[in-house]
Amino acid sequence: MSEISENTASVLARVTAAALAAGRDPAGITVVAASKMNDAGRVREAFASGIGVFGENRVQEMLEKNRLGAYDGARLHFIGRLQRNKVRQVVGTAELIHSAESLPLIAEIDRCAGKASLIQDILLEVNIAGEESKGGFDPGDVSSVLDAVSAFGNVRVRGLMAIPPICSDPLDNVPFFESMTKLFVDNSIKKYDNVSMDFLSMGMSGDFEAAIACGANMVRIGSAIFGPRNYN
Ligand SMILES: *Cc1c(COP(=O)(O)O)cnc(C)c1O
């Protein structure tokens, strides 16, 4: 077996175990392979070993790999920081945009989706640890953002996403995961137009089991599947 298929088997087994330990159905957890900096061939390898959803961070890289057929037969999500001038290239290509981090960005997604005559699914990114360096809505603003998004005709909010701080101990982020789950549940109770709170996207290679234990149903896993990224 290749490294990627061994890693994939181990990640999927760990996701299943974490779901069962939390008393949840493993089928209800979506594994998004964060495939940035891994070329089309490596994405195909991951697909062949059982990954069905890929998440990309960079628009050009995603479009190039898409042209090469990297995601054929799979689903494609956009998980990286999205500039407004690149929205047009992502809308309709990525089935779900995890990183809807501001109202102006959502307005642009809505505008581009309208032009393309489609409805774009998005997650609201929440800056759960209040980090200066990260985008995302303040937790306290989420319900008013959902209200505002109800007025848009071409976006649909499918849930929430968070990127808590990088940590050395997988349990360090548990308080943030718990706050996200509470926010997700609280905002699922009130019904808004164009909103269905289906997905809670949190947990990465270092802490996805903790995230699942706290209530994540979508995890974004990169290096545990593809190995360490080479940033040179
Ligand atoms: C790269 C990335 C991940 C995955 O990170 P790993 O630690 O390699 O699992 C998850 N989410 C986002 C937004 C990313 O950019």
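Guide: A polar contact is a pair of N or O atoms within 3.5 Å; within protein, one must be able to donate a hydrogen and the other to accept it, and residues adjacent in sequence count only if both atoms are side-chain atoms. You're looking at a predicted model: local features need pLDDT of at least 70, side-chain atom pairs count only at pLDDT 80 or more, and totals for chains, interfaces and linings use all residues. Numbering runs from 1 along each chain as its sequence is written, and side-chain values use heavy atoms, with hydrogens and water left out.

Visitor: How far is a polar side-chain atom of Arg229 from an oxygen atom of the ligand?

Guide: Let's go round the ligand. Lys36 puts a polar side-chain atom 2.7 Å from a ligand oxygen, while a side-chain N or O atom of Arg220 is 2.9 Å from a ligand nitrogen. For Arg229 and a ligand oxygen, it's 2.8 Å.

Visitor: What share of the ligand's exposed area does the protein bury?

Guide: Accessible areas come from the Shrake-Rupley method with a 1.4 Å probe. Alone, the ligand exposes 390 Å², and the protein buries 88%.

Visitor: Which residue pairs with Phe54?

Guide: Ring centres of Phe, Tyr or Trp (its six-membered ring) must lie within 6.5 Å; planes under 30 degrees apart are stacked, over 60 edge-to-face, the rest tilted. The count is 1 aromatic pair. At 6.2 Å and 45°, Phe54 forms a tilted pair with Tyr71.
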